[in-house]
Amino acid sequence: MSALPWLTPIAALLLYLLWRLIQVPRTRQKVDLLQDEKTTPTDPYTAIDLLYNFDYTTEEPIKIRPFKPKYHLTMALENCPLSELIAMDKTYLDRMKLRTSILDAHTKETYQCNEPCTEAVYEIYEWTFGTYLPRRFPTMYRLCSNPDAPSGQVNFLHNIPANEYIPLTPPSASSALYTLGRHIDTDILLLLPSSSAVDGMPIYHLQAYVCCFPSGFKTHEKLGLPLASIHAPVPGYKAKLEKSMDRFFAKMELGKAVRRANWSVTTDDKLFSMGGSHMYEDGRTEASGGNQKTLDVEAEDLEESIEVQRKEVRVEECRLRCERQTLHRLPRTKALVFAFKTFQYTLDEVKSEGSGEELADAVEGLGLGSVPDMAFYKRQVVWGDRVVEFLRS
Ligand code: HEM
């Protein structure tokens with residue numbers, strides 16, 4: 001006990017020296033790391049933020065409510081981190097089942113690739129399965145090797161919820177699209193600069209797709225077409241969007257992504273819909289892109305046909321249908337990837353959450369914005385009154 005008074009300062013000195021010994025290398029390491037970051041910028045396509053402990057079975061589908069009191073036709077894009085390209089939720093396995101049955105029943109309608117796009121299809125496949133999914137959702141997708149592979153070689157992605165093994169190298173572009181369609185609830189359309197404008201600006205064309213949930217259009221009839229022709233049925237597109245879209249697509253930078261959302265009301269809950277959601281002003285019918293419900297606006301009995309269809313609307317069968325759309329460029333082939341996930345909400349759900357009035361205003365506002373024909377294109381003249389009446393009741 002008597003030795004304590006002079007032992008304490010020595011012990012303190014020793015402790016201080018020990019602390020310095022540990023601290024100095026740690027500080028140096030920090031500086032080195034910072035310098036590293038400066039000299040070797042991180043590759044945005046591999047720097048995907050992972051979602052620790054993500055449980056898709058309890059994740060609610062996101063609620064997209066993009067409607068405004070008046071519909072103005074604009075690109076309305078916002079930046080989107082590459083990490084957030086794919087949205088995952090508890091509907092995953094049900095959606096996968098549905099997607100597989102649609103892919104098997106409607107092969108050419110749901111996936112196709114034009115030859116010049118083969119490499120881009122391989123690139124989106126390899127990046128999605130080899131990098132994006134296992135990094136973003138490690139609780140759902142895990143890289144692994146099959147027992148026959150040379151040691152250390154990773155050649156499969158294990159889809160844990162479905163308990164399926166996905167090869168990291170696909171046998172063909174077509175099977176790559178099919179597999180993408182079966183393992184993520186996101187439709188993918190690939191575009192290449194296949195022609196040029198008079199000033200030399202590249203014009204993007206749809207060259208490959210896997211699309212299980214088209215909302216009233218036939219994707220296979222759009223294959224090979226430039227953006228302007230793809231959007232030909234959209235009223236106001238040529239006057240208000242065509243130029244800015246073409247310029248935006250030509251300039252889209254590597255490592256960046258953008259997103260937007262759209263909305264409409266459909267009179268049924270079919271996710272795979274090749275017609276019937278829109279009315280075309282040029283009076284096309286089933287054989288050329290519409291379906292029995294598509295009205296010929298030049299027909300003499302137009303008012304009668306609208307009336308007949310109005311009577312068929314059942315509010316409980318109607319859905320608010322929204323797409324979360326994203327766009328980004330692939331680093332190797334420089335192809336553009338337009339992708340979307342489709343959400344459906346019952347009108348009851350919209351009403352109970354308190355958005356009924358807002359949606360009712362937006363339904364009325366479809367014909368009051370920059371392109372009044374939108375009310376017509378989205379068939380609002382058929383379902384509008386019933387839906388508004390229900391939302392305000
Ligand atoms: C990112 C920029 C884009 C914008 C701003 C845009 C805008 C629009 C708009 C306003 C519509 C009308 C329906 C709605 O409200 O959504 C539409 C429809 C459509 N868009 Fe886009 N779009 C874009 C990109 C694309 C791309 C890259 C593709 C395909 C490669 C595409 C394919 C379609 C198709 C197939 C339709 C339905 C046309 C029909 O009725 O036949 N869009 N788009």
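**Exercise 1. The iron site**

In which loop, between which two helices, is histidine 231 found?

Solution. Residues are numbered from 1 along each chain as its sequence is written. The model is predicted, with local features needing pLDDT of at least 70 and side-chain atom pairs counting only at pLDDT 80 or more, while totals for chains, interfaces and linings use all residues, and side-chain values use heavy atoms, with hydrogens and water left out. Histidine 231 lies in the loop between helix H6 (227-230) and helix H7 (237-251), where helices (H or I, at least four residues) and strands (E, at least two) are DSSP runs numbered from the N terminus. Turning to the ligand, its iron atom has a single donor from the protein, namely NE2 of His231 at 2.0 Å. Donors here are N, O and S atoms within 2.8 Å of the metal (3.2 Å for Na, K and Ca), and water is not among the atoms, so sites may look incomplete.

**Exercise 2. The sheet of three strands**

Work out the strand order of the open sheet of three strands, and say what packs on it.

Solution. The order is E3-E4-E5, with antiparallel pairing; two strands pair if DSSP finds at least two bridges between them. Strand E3 (141-144) and strand E5 (164-167) are the edge strands, each pairing on one side only. From one strand to the next, the twist averages 30°. Helix H5 (residues 173-183) packs on this sheet and touches E3, E4 and E5, contact being heavy atoms within 4.5 Å. The direction of H5 makes about 145° with that of E5, where axes are lines fitted to C-alpha atoms, for helices over the stretch in contact, and angles run from 0 to 180 degrees between N-to-C directions. Strand E4 (residues 156-159) is joined to E5 by four bridges, and asparagine 159 has glutamate 164 in E5 as its bridge partner.

**Exercise 3. The sheet of seven strands**

Find the edge strands of the open sheet of seven strands, and follow the pairing of E2.

Solution. The strands stand in the order E1-E8-E9-E10-E6-E7-E2, and the pairing is antiparallel. The edges are strand E1 (78-79) and strand E2 (111-113), each of which pairs on one side only. E2 pairs with strand E7 (residues 202-210) over three bridges, in the antiparallel sense, and glutamine 112 has tyrosine 209 in E7 as its bridge partner.
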